[in-house]
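The exercises below are meant to be worked through with the sequence and the structure in view. Each one sets a task and is followed by a solution in steps.

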Amino acid sequence: MEKKIKCYVYLLSHTIIPGTKVGISNDVNKRMKELDSRNSAGSFIFIFKCEFDNHQQAYNVEQRLLADFSPDLLQNSREMISNKINLEILKRYIYAFKSCLLYTSDAADEEDSVDLGGRRI
């Protein structure tokens, strides 16, 4: 039996850089250590992670989040969202897309019909 590898969309803050880092990893603690080893000043602080069943789901949510908040990315950054975006909004956004993935995944399992509010189509 193949073991499923969980993947996480995570949010981190930094002690010096003013923003929230968005990323994906199957080991957030290890990823934080890798990021800290690249920075000579400051360090990353864990804020939040949301578990997904596979890398592709986590990647899709991360990319959608970064695309939708692209006007709020810090200059010269692809992963750091400005602090002017409330963290609760980012968390809810991630949970909302996770819920959508679960619903569409269940619908795909139904093959020939989808339940929309009690109606089969």
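**Exercise 1.** In this predicted model, determine how many residues of strand β1 (residues 7–14) are buried, and then establish which strands pair with β1 and in which sense.

*Solution.* Begin with burial: 7 of the 8 residues of β1 fall in the buried class, so that the strand is mostly covered. Turn next to strand β3 (residues 44–52), which runs antiparallel to β1 and is joined to it by 8 bridges; within this pairing, His14 has Phe44 of β3 as its bridge partner. Then consider strand β2 (residues 19–25), whose pairing with β1 is antiparallel as well and extends over 6 bridges. In β2, Gly23 is the residue that stands opposite Tyr10, and the connection from β1 to β2 is a hairpin of 4 residues.

**Exercise 2.** Check whether the end-to-end distance of helix α2 (residues 55–68) agrees or disagrees with the expected span, and work out how its buried residues are arranged around the axis.

*Solution.* The helix has 14 residues, and with 1.5 Å a residue the expected span is 20 Å; since the C-alpha atoms at its ends lie 20 Å apart, the two values agree. Next, list the buried residues of α2, which are Gln57, Ala58, Val61, Glu62, Leu65 and Leu66. Because these residues cover an arc of only 160° around the axis, they are on the same side of α2. Finally, inspect the start of α2, where a side-chain oxygen of Asn54 comes to within 3.1 Å of the backbone nitrogen of Gln56.

**Exercise 3.** Decide whether Ser82 is buried or exposed, and identify the residues that it touches beyond four places away in sequence.

*Solution.* First locate the residue: Ser82 belongs to strand β4 (residues 80–82). Its relative accessibility is 14%, and because the buried class lies under 20%, Ser82 counts as buried. If residues up to four places away in sequence are set aside, Ser82 touches Gly19, Asp72 and Leu74.

**Exercise 4.** Describe the protein chain as a whole, taking its elements, its burial, its contacts and its exposed area in turn.

*Solution.* The secondary structure consists of 3 helices and 6 strands, and from the N terminus on these follow the order β-β-α-β-α-β-α-β-β. As to burial, 33% of the 121 residues count as buried. Among the contacts between residues at least 6 apart in sequence, 59% join residues at least 24 apart. The chain exposes about 8,100 Å², of which carbon and sulfur atoms supply 50%.

Note on methods
Residues are numbered from 1 along each chain as its sequence is written. This is a predicted model: local features need pLDDT of at least 70, side-chain atom pairs count only at pLDDT 80 or more; totals for chains, interfaces and linings use all residues. Side-chain values use heavy atoms; hydrogens and water are left out. Helices (H or I, at least four residues) and strands (E, at least two) are DSSP runs, numbered from the N terminus. The expected span of a helix is 1.5 Å times one less than its number of residues. Buried means under 20% relative accessible area, exposed over 50%, partly exposed in between (1.4 Å probe, protein chains only). The arc is that of the directions from the helix axis to the C-beta atoms. A polar contact is a pair of N or O atoms within 3.5 Å; within protein, one must be able to donate a hydrogen and the other to accept it, and residues adjacent in sequence count only if both atoms are side-chain atoms. Contact means heavy atoms within 4.5 Å. Accessible areas come from the Shrake-Rupley method with a 1.4 Å probe; for residues, only the protein chains shown count as cover. Two strands pair if DSSP finds at least two bridges between them.
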